[in-house]
Amino acid sequence: MNEQTLSMRLARVAAHVPAGARLADIGSDHGYLPVAVLRRGAIVAAVAGEVALTPFQAAERTVREHGFNAQISVRLANGLAAIEPQDRITAVSLCGMGGETIRDILDSGQSRLRGQERLILQPNGGEQPLRQWLMDNGYRILCEEVLRENRFDYEIIVAERTGPVTYTAQELYFGPLQMQARSAAFLLKWQRRLREKQQTLAQFAQARHAVPEHKVQAVVRQAQWITQLLA
Ligand code: SAM
């Protein structure tokens, strides 16, 4: 993968960036995403935010090598602190981090958002708490995807702030739109997850005295939900 040939995962994220956006890519690492979408003329400007020095320098190098210093600001900053009001950001991408980390970045950086930005989120696990945060903060999920690459199942969640929205516990767990669309990738992901849950329960059964009952019950409930979903 590089700024010319994105991974399938980042290519699908790029497809959700609105044309003409001013993008803030937080946790940009090498900066491939903002550089790739700018190269295609899909966005007009970007901020690449990084909290760690080595990836920050990598993003600076990628941007410099493409002569995009005027269009992409690379900033060493924690989370949404990379965004300044004068950036007039219209889309924020947070990709390749745990869902809880993405949630915490959104939560602690809310003052940096105007509430009109499209959020393009690609959590590595932790989708349920991330969706919970979106619901609690008035973000409606507009689009969801599951894709498999390099033996990992990735999810992409696109959301915008629209006002109060309610999702059921199962919708928060599986994704409200994915539950309806039931794509092949989605069903395969949950078939694999069901096998994992069953293995976990078998392990719990062998070491039952050591596992708190509420933990066992949580996995039992998840396995039931998945079974119902796949039925
Ligand atoms: N977004 C790229 C992608 O999807 O390929 C890079 C993903 S990389 C696994 C996660 C990056 O997020 C790392 O470079 C890490 O330094 C950065 N990161 C983690 N927490 C962050 C935070 N609070 N603020 C900014 N960057 C953060």
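Which residues does V13 touch, not counting residues up to four places away in sequence? In this predicted model, V13 touches L33, C95, I120, Q122 and I156.

V13 belongs to the largest nonpolar core, which has 29 residues. V13 is among the residues with the most contacts inside that core. The others named with it are L6, L23, I43, I72, V74 and I120. Many elements feed this core. The helices α1 (8–15), α2 (32–39) and α3 (53–65) each supply at least two residues. So do the strands β1 (21–26), β2 (43–50), β3 (72–76), β4 (91–97) and β7 (152–161). The largest share, 6 residues, comes from α2. Another core lies apart from this one. That second core has 28 residues, including A24, I89, L113 and I141.

Now step back to the domains. The protein chain is divided into domain 1, residues 8–165, and domain 2, residues 186–230. Their C-alpha centres lie 32 Å apart. Where they meet, domain 1 gives 5 residues to the contact and domain 2 gives 4 residues. The area buried between them is about 450 Å². Carbon and sulfur atoms give 41% of that area.

Next come the polar links. Between domain 1 and domain 2 the count is 3 salt bridges. A salt bridge also joins the side chains of D153 and R193, at 4.0 Å from N to O. There are 2 residue pairs in polar contact between the domains, with both residues at pLDDT 80 or more. On the side of domain 1 that touches domain 2, β6 (139–149) and β7 are the elements that give two or more residues. β7 also supplies at least two residues of the largest core.

Definitions and conventions: Residues are numbered from 1 along each chain as its sequence is written. This is a predicted model: local features need pLDDT of at least 70, side-chain atom pairs count only at pLDDT 80 or more; totals for chains, interfaces and linings use all residues. Side-chain values use heavy atoms; hydrogens and water are left out. A nonpolar core is a set of buried Ala, Val, Leu, Ile, Met, Phe, Trp, Tyr and Cys residues joined through side-chain atoms within 4.5 Å. Buried means under 20% relative accessible area, exposed over 50%, partly exposed in between (1.4 Å probe, protein chains only). Helices (H or I, at least four residues) and strands (E, at least two) are DSSP runs, numbered from the N terminus. Contact means heavy atoms within 4.5 Å. Domain bounds come from an automatic or database domain assignment. Buried area is the accessible area (1.4 Å probe) that two parts lose on being put together, summed over both. A polar contact is a pair of N or O atoms within 3.5 Å; within protein, one must be able to donate a hydrogen and the other to accept it, and residues adjacent in sequence count only if both atoms are side-chain atoms.
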